[in-house]
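Welcome! Open the structure in your viewer, keep the selection tool handy, and let's walk through it stop by stop.

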Amino acid sequence: MKCPHCSGSLSEIDNEGVSLDFCRACKGIWFDSGEVGQYFELSRDLPELGEENREERPSGLSCPRCSDSELTQMRYSPPYALIVDQCSGCGGMWFDKGEVQTLHELSALLEDPRSRFAGVAEKLKSRGY
Ligand SMILES: [Zn+2]
Ligand SMILES: [Zn+2]
């Protein structure tokens, strides 16, 4: 796959059981739909940051997965200073260098152990337990 940001090629890296597509040139990371939640152990891909804090605009980047879809840039206002580009087609998300760290910090603040547990319970239920 091609990096949406610098058109370098993405290399697949396996990190904590989730395979991510990483660009060595610009250090951005592509997560397929569902992988952000898996990776950060969140109940959903993006914690509920509040729609009123979110501004959406076209990013001008094309989705590495669907190629004919454009990513939408979602910019969250402080205190959640996070910028994510998401594909409305496949639901994948692109994080520029540094944004993964930001999400990591946010997820620690936003998701409490109960919602993590809820996520796990949900998964078990979907497997028929
Ligand atoms: Zn790149
Ligand atoms: Zn896509």
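## Stop one: a pair of strands

Start by selecting Gln86 and Met93: Met93, in S7, is the bridge partner of Gln86. Keep in mind as you look that this is a predicted model. Now widen the selection to residues 83-87, which form strand S6, and residues 93-95, which form strand S7; the two pair in the antiparallel sense over 2 bridges.

## Stop two: the whole sheet

Next, show the strands as a cartoon. In what order do the 7 strands of the open sheet run? Follow them as S1-S2-S3-S7-S6-S5-S4, with antiparallel pairing. At the edges stand S1 (10-15) and S4; each has a single partner strand, so one side of each lacks a neighbour in the sheet. If you rotate the view, you can look for the turn between neighbouring strands, which is 30 degrees on average, direction ignored.

## Stop three: the zinc ion

Select ligand 2, the zinc ion, together with Cys63, Cys66, Cys87 and Cys90, whose SG atoms coordinate this ion at 2.2 to 2.3 Å. The site is tetrahedral, with angles of 107 to 113 degrees among the 4 donor atoms. Along the sequence, the donor residues follow the spacing C-x2-C-x20-C-x2-C. Two of them, Cys66 in the loop between S4 and S5 and Cys87 in strand S6, link distant parts of the chain, 21 residues apart.

Now colour these two by accessibility. Cys87 is buried, at a relative accessible area of 2%, while Cys66 is partly exposed, at 22%.

## Stop four: Ser69

Staying in the loop between strand S4 (54-62) and strand S5 (70-76), select Ser69. Is Ser69 buried or exposed? Its relative accessibility is 18%, and buried means under 20%, so Ser69 counts as buried. Beyond residues up to four places away in sequence, Ser69 touches Leu61, Ser62, Cys63, Cys87 and Gly89.

## Stop five: the nonpolar cores

Finally, show side chains for Phe31, Phe40, Leu46 and Phe95. Among the 19 residues of the largest nonpolar core, these four touch the most other members. At least two residues of this core come from each of strand S2 (18-23), strand S3 (29-31), helix H1 (35-40), S5, S7 and helix H2 (99-110).

Zoom in on Leu46. Setting aside neighbours within four places in sequence, Leu46 is in contact with Met74, Tyr76, Leu82, Val84, Met93 and Leu103. Apart from the largest core lies another one, of 10 residues, including Cys3, Cys26, Leu61 and Cys63.

Notes
Residues are numbered from 1 along each chain as its sequence is written. Chains are lettered from A and ligands numbered from 1 in the order in which they are written. This is a predicted model: local features need pLDDT of at least 70, side-chain atom pairs count only at pLDDT 80 or more; totals for chains, interfaces and linings use all residues. Side-chain values use heavy atoms; hydrogens and water are left out. Helices (H or I, at least four residues) and strands (E, at least two) are DSSP runs, numbered from the N terminus. Buried means under 20% relative accessible area, exposed over 50%, partly exposed in between (1.4 Å probe, protein chains only). Contact means heavy atoms within 4.5 Å. Two strands pair if DSSP finds at least two bridges between them. Axes are lines fitted to C-alpha atoms, for helices over the stretch in contact, and angles run from 0 to 180 degrees between N-to-C directions. Donors are N, O and S atoms within 2.8 Å of the metal (3.2 Å for Na, K and Ca); water is not among the atoms, so sites may look incomplete. Four donors count as tetrahedral if all angles lie between 85 and 135 degrees; four count as square planar and six as octahedral if opposite donors are over 155 degrees apart and all others between 65 and 115; anything else is irregular. A nonpolar core is a set of buried Ala, Val, Leu, Ile, Met, Phe, Trp, Tyr and Cys residues joined through side-chain atoms within 4.5 Å.
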